[in-house]
Amino acid sequence: MKMFTLFQPRHKVANLVIKDHVIRYVETKANDPLSVHKWGERQLAKGIVHDGKIIDRETLEMILEECVDEWNLKKRRVRFIVPDSFVIIRRLPLPADLEEEEIRGYLFMELGTTIPLPFDNPVFDYVVFEKTQEATTVLLFAAPEDLVLSYAQLLEDAKLRPIAADVSPLCAYRLFYIADQVKKDDHILLVQFDQSSVNVSAFHQHKPVFMRHLLLEQYGEINIGKDRQRFIDPFEDIYKEMERMMNFYSFSIHQGKQQITRVFLIGDHPHLSRVYQALQERLDVPVERLAAAMAGAVDARYHLAWGLGLKEGNDDVR
């Protein structure tokens with residue numbers, strides 16, 4: 001088991017996102033992360049990556065090497081995102097007498113034993129969520145070591161220098177945070193509606209509370225026609241999942257005392273606007289997209305990679 005440090009380099013860095021269907025990168029100006037300087041994308045054929053798992057490594061490496069040459073990224077430092085399907089976000093109470101400098105060592109010893117995880121040999125990071133006389137509560141971010149190392153090795157083999165990893169909900173949330181669309185006391189449901197999957201997470205006090213990953217292919221083929229209902233039907237089960245997660249947040253996590261107050265929608269799905277309309281009609285809370293002043297800086301397809309680039313200097317959103 002290795003410790004997973006999401007540190008913050010201060011050099012020229014490319015921000016790379018590899019999804020089932022695409023590779024994208026964004027570069028911001030070193031002294032102005034709000035200014036997107038360069039970007040690029042390369043589509044991936046079906047079956048090269050599936051639900052975050054690399055299936056055809058040889059082809060993926062070849063394509064990535066071509067991207068590195070085309071985008072002039074050779075030997076560049078890069079941040080990357082750990083695939084959502086392999087990430088665990090969990091709130092853990094730890095002994096109250098545990099000093100802050102002892103937390104990492106405690107987690108290192110206890111993960112996989114007294115603190116169970118659905119995989120062996122995790123890499124992890126954490127942030128302190130709350131400290132009281134009864135317990136120190138941390139937010140744990142964990143992923144399988146072999147998966148994270150396989151992505152890091154892929155980048156190294158393509159002549160890149162991976163220096164930091166992050167998780168997509170934090171990257172997406174950072175954009176709304178920078179756009180000043182969220183207040184600390186809000187209870188946010190963040191919906192990342194992408195071409196191949198949907199990731200739903202809840203945030204409070206600028207920190208994630210839970211996350212749920214849904215693979216779109218499990219919900220049937222999308223059939224877009226003139227009849228708008230033909231579009232909504234394939235996602236009916238996903239909308240129901242979102243409503244179940246909102247109820248879970250209210251009644252299981254907060255015993256009915258709090259509830260989701262706003263929903264943020266972001267993603268690269270080609271019909272995101274229709275999803276936005278459907279959620280507005282269906283949900284009793286405001287549904288919002290990224291403010292136009294921010295969203296217009298670069299095409300929405302690159303927003304997640306941009307949020308990865310905003311990691312540096314935004315300590316409130318860890």
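**View 1. Leu 190 stands opposite Ser 201 in β13.** The model shown in this and the following views is predicted. Strand β12 covers residues 187-193 and strand β13 covers residues 197-204; the two run antiparallel and are joined by seven bridges. Gln 192 also has a counterpart in β13, standing opposite Asn 199. The connection from β12 to β13 is a hairpin through three residues.

**View 2. Strand β13 also pairs with β14, in antiparallel fashion.** Eight bridges hold the pair β13 and β14 together. Within this pairing, Phe 203 is found opposite Pro 208 of β14. A hairpin with two residues between the strands links β13 and β14. In that turn, Gln 205 has a positive phi of about 55°.

**View 3. Strand β13 is mostly covered, with eight of its eight residues buried.** The burial applies to both faces of β13. Ser 197, Asn 199, Ser 201 and Phe 203 lie on one side, and each of these is buried. Val 198, Val 200, Ala 202 and His 204 lie on the other side and are buried as well. For the chain as a whole, 55% of the 318 residues count as buried.

**View 4. Five strands make up an open sheet with mixed pairing.** The strand order is β14-β13-β12-β15-β16. Strands β14 (207-215) and β16 (287-288) have a single partner strand each, so they stand at the edges and one side of each is left without a neighbour in the sheet. Helix α4, residues 168-178, packs on this sheet and touches β12, β13, β14, β15 (262-266) and β16. The direction of α4 makes about 115° with that of β12. Helix α7, residues 272-282, packs on the sheet too, in touch with β12, β15 and β16. Between the directions of α7 and β15 the angle is about 165°.

**View 5. The largest cavity holds about 220 Å³ of space.** Its lining consists of 18 residues. Those nearest the centre of this cavity are Ile 18, Lys 19, Pro 83, Asp 84 and Ser 197. Strands β2 (13-18), β7 (77-82) and β14 each contribute at least two residues to the lining. Sorted by class, the lining of the largest cavity has seven nonpolar, six polar and five charged residues. Ser 197, one of the residues nearest the centre, is also one of the buried residues of β13.

**View 6. The second largest cavity holds about 80 Å³ of space.** Residues lining this cavity include Lys 19, Arg 24, Ala 172, Gln 192 and Asp 194. Also in the lining are Ile 266, Gly 267, Asp 268, Ala 300, Arg 301, His 303 and Leu 304. By class, the lining of the second largest cavity divides into four nonpolar, three polar and five charged residues. Lys 19 is named here and also among the residues nearest the centre of the largest cavity. Gln 192, another lining residue, is the one that stands opposite Asn 199 in β13.

**View 7. The whole chain has nine helices and 16 strands.** Of the contacts in the chain with a separation of 6 or more, 66% are between residues 24 or more positions apart. The structure holds five cavities of 30 Å³ or more, including the cavities of about 220 Å³ and about 80 Å³.

Note on methods:
Residues numbered from 1 in each chain as written. Predicted model: local features only at pLDDT ≥ 70, side-chain atom pairs only at ≥ 80, totals over all residues. Heavy atoms only, no water. Pairing = 2+ DSSP bridges. Helix = DSSP H or I, 4+ residues; strand = E, 2+ residues; numbered from the N terminus. Contact = heavy atoms within 4.5 Å. Axes fitted to C-alpha atoms, helices over the stretch in contact; angles between N-to-C directions. 1 Å grid on protein atoms, 1.4 Å probe; cavity = no way out; pocket = protein on both sides within 12 Å on 5 of 7 lines; lining within 4 Å. Points joined across faces, edges and corners; volume = space filled by probe spheres on them. Nonpolar A, V, L, I, M, F, W, Y, C, P; charged D, E, K, R; others polar. Buried < 20%, exposed > 50% of the residue type's maximum accessible area, 1.4 Å probe, protein only.
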